[in-house]
Amino acid sequence: MSDFETVAASENQAARRGPSGEPGTPNQVGQPRKPRSLTGDAWRDLRRKPIFWISLILVLLVTAMAAVPGLFTSNNPTDCALSRQHAAPSGGAIFGYDFQGCDTYARAVYGARASLLVGALSALLTGAIALLVGMLAGYFGGWVDAVLSRVIDVVLGIPLLLAAIVLLKRVGSDSATVRVGAVIFVLAVLGWTTAARVVRSSVITAREQDYVAAARMLGAGDGRIMWRHILPNALAPAIVVLTIALGSFIAAEATLSFLGIGLQEPTISWGIDINNGRVHMRESATPLVVPSAFLALTVLAFIMLGDAIRDAFDPKLR
Amino acid sequence: MSQNAVRPTPASPTPPGGHLLEVRDLHVEFRTSEGVARVINGVSYHLDPGETLAVLGESGSGKSVTAQAVMGILDTPPAHISSGAILYSGQDLLTLPEAQRRQVRGKEIAMIFQDALSALNPVFPVGWQIGETLRQRLGMSRADARRRSVELMDLVQIPAAAKRLGDHPHQFSGGMRQRVMIAMALAMEPKVLIADEPTTALDVTVQAQIMDLLADLRRDLDMAMILITHDLGVVADVADRIAVMYAGRIVEHADVRSLYRAPAHPYTKGLLNSIPRLDQRGGKLATIRGLPPNLMRIPSGCPFHPRCPYAQQVCVDVVPHDLVLGDGRTSACHFAQEVRDDRAS
């Protein structure tokens with residue numbers, strides 16, 4: 001009974017929402033109803049999913065932290081005093097103080113910026129490389145594919161951490177910007193292969209579809225077919241891989257910083273703090289747990305968000 | 001006529017202005033790792049303005065591959081056009097540079113695919129897809145392309161066209177999707193429309209509607225149409241001429257009425273006999289025994305001989321020419337006349 005009423009109510013709402021969508025005025029040229037776009041459909045899908053809202057809120061929270069850390073804490077993360085070493089929570093320092101006597105919470109908040117910047121920019125750069133390589137390899141096939149696929153194999157064979165250590169050791173400058181840039185560059189250059197393979201395989205699938213033949217039948221050229229017909233259809237898996245990669249890049253940045261070759265103090269990053277916290281874990285665990293939890297939640301949020309968006313944007317799942 | 005019957009002729013007579021579209025002795029092979037499959041072995045047909053040619057044959061007979069070769073959308077490799085010519089208004093499309101070839105596609109010759117759902121891009125609204133060609137090729141503005149898209153959707157009788165412009169392909173029914181596909185193909189007002197099994201993926205009732213629509217559009221827009229199908233029932237009302245394909249060859253070519261009245265090739269005869277009839281109750285349906293040949297190992301002589309009730313030794317040894325039976329009728333059978341005159345079976 002109540003189900004029926006809900007359905008009826010939502011139908012009424014739908015009818016009210018579309019003012020020009022009345023039957024009986026079928027062929028009014030120039031006055032079409034607002035089209036139901038793919039984005040619109042995806043949005044209708046997404047807003048019913050709790051996972052989407054939870055991950056979105058977390059992502060927005062972290063992004064806000066990165067943009068305006070002052071909103072979240074009034075303490076200065078570099079205002080450290082050994083007198084407060086491992087002191088209990090007090091005032092704004094809700095998680096207490098670390099070995100150096102810095103506010104653990106404030107440092108975690110300020111650490112978001114470096115981590116997110118590295119994660120997002122590496123993912124973007126990775127995406128650009130992967131789309132280019134995957135598209136060319138998948139679309140043209142033949143020797144282009146053979147060469148690019150072997151390049152992918154070779155890069156994939158390089159151990160990420162080892163190569164990152166070798167490459168980052170060569171960065172002489174200690175300037176924070178240079179180091180952030182170097183970490184982004186290294187992560188993207190070593191990390192684009194998985195995404196490129198995914199793009200390549202989905203391009204191959206899309207290329208074989210009839211709508212590509214139909215576009216060609218209507219006289220579209222290679223560029224147009226790649227850009228307009230294949231890319232949008234091959235993008236969904238790439239977006240998922242990239243959101244997941246964004247999470248793992250943040251983790252990789254933390255790893256590199258943890259190993260002492262990524263970002264360096266005085267830059268504040270979760271990796272550096274996790275490293276510092278680890279050393280004094282036995283005296284106080286919070287300086288280790290707090291940045292680790294921030295890192296884990298951020299990575300998880302991006303991965304969940306990627307997954308939810310993928311589901312919503314894939315017309316084949318409808 | 002009996003003297004006529006044994007004289008092999010290369011092609012049917014060409015009118016002074018030339019045919020609108022002519023496929024001449026086309027050979028296509030697929031080069032795969034398992035070997036070379038000879039998919040098209042010397043297909044010739046022609047199409048004049050305003051005409052409907054039906055190309056009939058079972059799966060793998062090469063009817064779609066011929067159409068794709070005409071359209072220039074064969075995947076090469078593995079496909080390889082080894083010889084032949086495809087003349088459009090006297091110009092060989094196969095020797096045309098790709099850039100000029102593209103100008104022909106869609107504008108002069110357009111094609112409708114079998115499965116409209118997969119032939120429409122799932123991520124774009126149908127209005128965008130119909131309009132895309134107009135914007136790209138004719139440089140229309142968005143608004144103009146939109147208006148024209150609505151006109152085209154009206155033309156193919158999609159109800160409430162203006163309202164459905166923004167809908168995605170998955171929101172349409174099968175028949176409506178095929179109409180969208182037809183609207184896309186008609187966007188550039190082509191002179192030749194190739195319909196590759198346009199009704200195969202549809203319900204029987206919808207099939208009839210789509211065939212009627214295609215016939216009406218062909219007449220109203222004065223196009224020529226190549227209708228590719230394996231359904232003899234579909235062809236009878238719509239086509240002017242029929243070309244029956246088997247193992248990459250045209251085995252019989254005739255106008256609809258004479259072909260239905262007296263098929264001159266055993267394969268055509270077998271096809272016509274296997275149509276279920278209302279007056280034939282309880283009995284077993286007639287079939288053509290055997291399977292279509294493996295195109296990597298096409299039988300010697302006449303490729304149909306292993307399945308043919310008329311087969312003699314000569315059919316195993318000698319490849320039959322196209323025998324002209326008058327009225328532009330041809331049949332690639334050593335016993336074409338006997339088959340045609342044999343009304344009994």
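In this document, helices are DSSP runs of H or I with at least four residues, and strands are DSSP runs of E with at least two. The exercises concern a predicted model.

**Exercise 1.** Determine how many helices and strands chain A has, and in what order its elements run.

*Solution.*
Step 1. Counting the runs in chain A gives twelve helices and zero strands.
Step 2. Read from the N terminus, the elements follow the order α-α-α-α-α-α-α-α-α-α-α-α.
Step 3. An unreviewed UniProt entry annotates residues 112-306 of chain A as "domain: ABC transmembrane type-1". This span is 83% helix and 0% strand, and its end C-alpha atoms are 19 Å apart.

**Exercise 2.** Compare the reach of helix H7 of chain A with the expected span, and state which elements its buried residues pack against.

*Solution.*
Step 1. Helix H7 of chain A comprises residues 176-191, which is 16 residues.
Step 2. The expected span is 1.5 Å times one less than the number of residues. For H7 of chain A this gives 22 Å, and the distance from the first C-alpha to the last, 22 Å, is close to that value.
Step 3. A residue is buried if 20 or more other C-beta atoms lie within 10 Å of its own. Among the residues of H7(A) that meet this condition are Arg179(A), Val183(A), Val186(A), Leu187(A) and Leu190(A).
Step 4. An α-helix has 3.6 residues a turn, so residues three or four places apart point the same way.
Step 5. The partners of the buried residues of H7(A) are four helices of chain A: H4 (104-140), H5 (142-157), H6 (160-169) and H10 (222-258).

**Exercise 3.** Establish how many helices and strands chain B has, and how its radius of gyration stands against the globule rule.

*Solution.*
Step 1. Chain B contains 14 helices and twelve strands.
Step 2. For 345 residues the globule rule gives 20 Å; the radius of gyration of chain B is 21 Å, close to that figure, so chain B is as compact as a globular protein of that length.
Step 3. Along the principal axes, the C-alpha atoms of chain B occupy a box of roughly 65 × 50 × 45 Å.
Step 4. UniProt, in an unreviewed entry, assigns "domain: ABC transporter" to residues 23-272 of chain B. That span is 40% helix and 27% strand, with its end C-alpha atoms 26 Å apart.

**Exercise 4.** State what share of the residues counts as buried in each chain.

*Solution.*
Step 1. In chain A, 40% of the 318 residues count as buried.
Step 2. In chain B, 46% of the 345 residues do so.

Definitions and conventions
Residues numbered from 1 in each chain as written. Chains lettered and ligands numbered in written order. Predicted model: local features only at pLDDT ≥ 70, side-chain atom pairs only at ≥ 80, totals over all residues. UniProt positions renumbered as here; feature names shortened; annotations may be inferred. Buried ≥ 20, exposed ≤ 12 C-beta atoms within 10 Å, placed from the backbone. Contact = placed C-beta atoms within 7 Å. Rg over C-alpha atoms; globule rule 2.2 N^0.38 Å.
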